Amino acid sequence: KLLFTLLTQVFVYQEVHGDLHPGNVMVDAQARLHLIDWGNTVELAGKVGPLLAYLRGALAADADAVADALIAVSTDPEAAQRQRGAIRKALARTLAKKAIRPLSGYGFAFTLQREGPEGWLQRANLLAQLVSNAQQLGVVIRPEYLHLSRSFTAVIATLAGLYDDVPRRHVAADLLWAVNTFPVRLLHDAMRHPRHGLQPALAALLRRLRFAAPAASPAAPLPAAAA
């Protein structure tokens, strides 16, 4: 349920909870999840591409991809590009030291299953460590991306905490089920409002999945009194 909720936050509402530590995830007597403390959220509009590039590089343990992604989200990409060699070397050293198994393709679920929650926490720490490496070399990351990095680190840590002492085969099953059924469940939700019609619902869903802005609606006429 939490995995589906997180995917919905990203792809439907285009935001992520800014402080999703375990204390902000409540469970009631009917086993329903409630996320609290929504005063801190991070908007994803315009940030998804660079963020995904960074996450892909970090999870694949690709120092070149991580270096390029961090340079792209720095306050002065041209100056950072001149230090790319040193940045890449520092990142590669950290990745080798952490000995993180690269994630790729559908094997990611089985890799995460083998690692268990402890491995997830290591990956969360790695995301923060790689940013720290770049900052130590004088690369200033734009504040909104630092906030996003902290938010995703908190999300990973929260998932690891919820799966503590859970058999790892259930962890892998949950990951595969949530990712593979998410598009269908999202489409089902979009079709639950027949008054809007199927075509507008599908169009709205496609815009959301592309992180595109909603289509502009015709301006309503002013009331006579306001006019």
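From the N terminus on, the elements run α-β-β-β-β-α-α-α-α-α-α-α-α. That makes nine helices and four strands in the protein. The model is a predicted one. Of its 227 residues, 37% count as buried. Take the contacts between residues at least 6 apart in sequence: 67% of them join residues at least 24 apart.

## Helix 1 and Gln9

Helix 1 opens the order of elements, an α ahead of the β run. This helix is mostly covered, with seven of its 10 residues buried. The buried ones are Leu2, Leu3, Phe4, Leu6, Thr8, Gln9 and Val10.

Gln9 deserves a closer look. Its place is in helix 1. Is Gln9 buried or exposed? Its relative accessibility is 5%, so Gln9 counts as buried. What does Gln9 touch, leaving aside its neighbours within four places in sequence? The contacts are Gln14, Glu15, Val16, His17, Leu35 and Trp38. With His17 there is also a polar pairing: a polar atom of the Gln9 side chain lies 3.2 Å from the backbone nitrogen of His17.

## Two loops with positive phi

Most residues other than glycine have a negative phi. Two residues in the strand region go the other way. Phi of Ala31 is near 65°, and Ala31 is not a glycine. Asp37 also has a positive phi, of about 65°, and is not a glycine either.

Where do they sit? Ala31 is in the loop between strand 2 (25-27) and strand 3 (33-35). Asp37 is in the loop between strand 3 and strand 4 (41-43). The table sets out their accessibility beside that of three other residues.

| Residue | Place | Relative accessibility | Class |
|---|---|---|---|
| Gln9 | helix 1 | 5% | buried |
| Ala31 | loop between strand 2 and strand 3 | 45% | partly exposed |
| Asp37 | loop between strand 3 and strand 4 | 40% | partly exposed |
| Gln122 | helix 6 | 46% | partly exposed |
| Tyr163 | loop between helix 7 and helix 8 | 10% | buried |

## The nonpolar core

In soluble globular proteins, nonpolar side chains tend to be buried together. Here the largest nonpolar core has 43 residues. Those with the most contacts inside it are Tyr54, Leu70, Leu91, Leu130, Ile141 and Leu148. Which elements give two or more residues to this core? They are helix 1 (2-11), helix 2 (48-59), helix 3 (63-72), helix 5 (84-98), helix 6 (108-136), helix 7 (143-162) and helix 8 (168-190).

Leu91 shows how such a residue is placed. Residues up to four places away in sequence are not counted here. Beyond them, Leu91 touches Ala63, Val66, Ala67, Leu70, Leu130 and Asn133. Two of these partners, Leu70 and Leu130, are themselves among the core residues with the most contacts.

## A single cavity

How many cavities of 30 Å³ or more are there? The count comes to one. The largest cavity holds about 90 Å³ of space. Its lining is made of Pro50, Leu51, Tyr54, Leu70, Val73, Val131, Ile141, Tyr145, Leu146, Leu148 and Ser149. Helix 2 and helix 7 are the elements that give two or more residues to this lining. Helix 7 gives the most, with four residues.

By class, the lining has 10 nonpolar residues, one polar and no charged ones. Cavity and core also share residues. Tyr54, Leu70, Ile141 and Leu148 line the cavity, and they are listed among the core residues with the most contacts.

## Helix 6 and the loop after helix 7

Gln122 is found in helix 6. At 46% relative accessibility, Gln122 counts as partly exposed. Gln122 and Ala99 are 23 residues apart along the chain, and their C-alpha atoms are separated by 10.0 Å.

Tyr163 belongs to the loop between helix 7 and helix 8. Is Tyr163 buried or exposed? Its relative accessible area is 10%, so Tyr163 is buried. The side chain of Tyr163 makes a polar contact of 2.7 Å with that of Asp174. In sequence, Tyr163 is 45 residues from Glu118; in space, the two are 10.0 Å apart, C-alpha to C-alpha.

Terms used. Residues numbered from 1 in each chain as written. Predicted model: local features only at pLDDT ≥ 70, side-chain atom pairs only at ≥ 80, totals over all residues. Heavy atoms only, no water. Core = buried A, V, L, I, M, F, W, Y, C linked by side-chain atoms within 4.5 Å. Buried < 20%, exposed > 50% of the residue type's maximum accessible area, 1.4 Å probe, protein only. Contact = heavy atoms within 4.5 Å. 1 Å grid on protein atoms, 1.4 Å probe; cavity = no way out; pocket = protein on both sides within 12 Å on 5 of 7 lines; lining within 4 Å. Points joined across faces, edges and corners; volume = space filled by probe spheres on them. Nonpolar A, V, L, I, M, F, W, Y, C, P; charged D, E, K, R; others polar. Polar contact = N/O pair within 3.5 Å; in protein donor to acceptor, adjacent residues only side chain to side chain.
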